[in-house]
Amino acid sequence: PAEAEGPVTQGFPSGVRHTREIETKAPVMSGSPRANGVDFAFGGTNEPAIAVNSLNALNIAAASLFSSRVSTNGGVTWTAAQSATVPAGYFQNGDPALAFDSQGRLFWVYLGGFNANSFAELFISRLNPTTGAIAAGPFAVTSTAAAGTGNNDKGWLAADRFAGSPFVDRLYIAWSDFIASPVRVLFKYSTDQGATWSTAIQLSAATDGGFPWPTHVAVAPNGDVYVSYHDGSAAGGSGRVWVLRSTDGGVSFPQKTQAFTPGQADTTYNVQTSPGTIPGTQFWLQGSGQAWVVPDATIPGNVYVVASDDPDNTHGSGDESNIYISRSTNNGLTWNAPIRVDHGPGTSFQVMPTAAMDDLGCIAVMWYDNRQGNLNANSRYLLDVYYSISNDHGLSWAADVQINDAHFNPDLGAPVRFAGP
């Protein structure tokens, strides 16, 4: 961050007005931020996901929409695309998520659509981490769509990869069920590499007060399971993030708190037929509501949640979105006031955050960004990908770094989901 004298107001989420000292020294980063990086084209499909094998950091898996690939040399080369496999009577329906367990086994969860009403099941396959081929599955995580009682969406997968955990190699999945009214967040676990699954438990409540979607799941080194989900209406001032904790391997979640209170994680869905859209854009932003929960790899009890927020809760004008982190030092029981992660200037917007932490305690957060102001032929924003890192457990953040070499046009290749403009 730029040097500053004295405390500086740093764009905190709505409802949190205070100042903090801007760091004059950024955390140390080894090597060039993009040291001789080589781009590899995956085909430009939607909903990218990635996972790294903790036993071998050069073993990476990536998926997007209907296919996945693996690399064994740190992303220099990749296997051919492996198509998502679904049982007869289903069609591929996207929403991929990936995870490696403590043995280096690789798992891939995705949706299979059931009929024209968009009813969907969650399926999981185990992949060969070297070749990318399907080694087992697909196994059904849910079985409600065929019965006409479920419309499962946006499943997220986590694996307990920690050898010292009492629940090592257990798999966890959380998702939203749209057949229910209101929409509900459900959760399951597997103790046999995804072949069978526990009975679903409901994590959201009718009294939450909004739209509980999407979810995120992560596991702490001691085996604690954390689930986060965004909740709130499309109107400004309601967006919040719930975090639940399980200490018994996902059997129960007695602890439920708010890492971001109403209005602190408020982001426009940017649906073009609704008010409150961001000028100069036409892409939807429902996925920007996903809040990433990150248990600390080195300090027991520390947990972090990263989310996007419109700091003035007025969608369609002013500063539309920034990226924030909320910190807990007591296993998510209470949360400190959110801290801004990005350093986007003025009213530029930062959306669609993702977050991860390595085993040495470095947190990395990545997002889409329009700060450069570049436009396409239709005078809509081209986007760039930026990230920042923290080496002090989220208290301060290094200068933002651009990842991509060329701006990308979010208008290209986006399918028209519904009739209309």
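In this predicted model, F187 touches Y172, I173, A174, W175, T199, A200, I201, L203, V225, V227, G250 and F253, leaving aside residues up to four places away in sequence. F187 itself is buried, with a relative accessible area of 0%. It belongs to the largest nonpolar core, which has 49 residues. Within that core, I124, L157, I173, F187 and V365 have the most contacts. Strand 13 (residues 171–177) supplies the largest share of the core, five residues. Apart from this core lies another, of 15 residues, with Y226, V303, A307 and W335 among them. In soluble globular proteins, nonpolar side chains tend to be buried together.

Aromatic pairs were searched for across the whole structure, and 15 were found. One of them joins Y172 and F187. Their ring centres are 5.9 Å apart and their planes lie at 20°, so the pair is stacked. Y172 is in strand 13 and F187 in strand 14 (residues 184–190). The two residues are 15 apart in sequence, and the pair links distant parts of the chain. Y172, like its partner, is buried; its relative accessible area is 0%. A second pair, F283 with F349, is edge-to-face. Here the distance is 6.5 Å centre to centre, with 65° between the planes. F283 lies in the loop between strand 19 (255–260) and strand 20, and F349 in the loop between strand 23 and strand 24. This pair also links distant parts of the chain, 66 residues apart. F283 counts as buried at 14% relative accessibility. F349 is buried as well, at 2%. Elsewhere, ring pairs link F178, F211, W213 and Y269 into a cluster.

Charged side chains also meet aromatic rings. K256 lies over the face of W242, at 4.7 Å from the ring centre. The charged end of R371 sits over the ring of Y386, 4.2 Å from its centre. R371 has a further partner: it forms a salt bridge with D369, with the closest N and O atoms 2.9 Å apart. The two ends of this bridge are covered to unlike degrees. D369 counts as buried, at 0% relative accessibility, whereas R371 is partly exposed, at 23%.

The search of the whole structure gives 12 salt bridges. In one of these, the side chains of D359 and R161 meet at 2.7 Å, N to O. D359 lies in the loop between strand 24 (350–357) and strand 25 (363–369), and R161 in the loop between strand 12 (152–159) and strand 13, so the pair ties together parts that are 198 residues apart in sequence. Both residues keep some accessible surface. D359 is partly exposed, with a relative accessible area of 44%. R161 is partly exposed too, at 25%. R380 and D411 form another salt bridge, again 2.7 Å from N to O. R380 sits in the loop between strand 25 and strand 26 (384–390), while D411 is in the segment after strand 27 (401–402). They are 31 residues apart, and the pair links distant parts of the chain. D411 is buried, with a relative accessible area of 16%. D101, R105 and D169 are linked in a network of salt bridges.

Strand 16 (residues 215–219) is mostly covered, five of its five residues being buried. Both faces are covered: T215, V217 and V219 on one side, H216 and A218 on the other. Five bridges join strand 16 to strand 17 (residues 225–231), and the two run antiparallel. In this pairing A218 stands opposite Y226. The two strands form a hairpin with five residues between them. In the turn, G223 has a positive phi of about 95°.

Further along the chain, an open sheet of four strands has the order 20-21-22-23, with antiparallel pairing. Strand 20 (292–295) and strand 23 (339–340) stand at the edges. Each has a single partner strand, so one side of each is left without a neighbour in the sheet. Strand 21 (residues 303–309) and strand 22 (residues 322–328) pair in the antiparallel sense over seven bridges. S308 stands opposite I323 in strand 22.

Technical notes. Residues numbered from 1 in each chain as written. Predicted model: local features only at pLDDT ≥ 70, side-chain atom pairs only at ≥ 80, totals over all residues. Heavy atoms only, no water. Pairing = 2+ DSSP bridges. Core = buried A, V, L, I, M, F, W, Y, C linked by side-chain atoms within 4.5 Å. Buried < 20%, exposed > 50% of the residue type's maximum accessible area, 1.4 Å probe, protein only. Contact = heavy atoms within 4.5 Å. Salt bridge = Lys/Arg side-chain N within 4 Å of Asp/Glu carboxyl O. Phe/Tyr/Trp six-rings, centres within 6.5 Å; stacked < 30°, edge-to-face > 60°. Lys NZ or Arg CZ within 6 Å of the ring centre and 35° of its normal.
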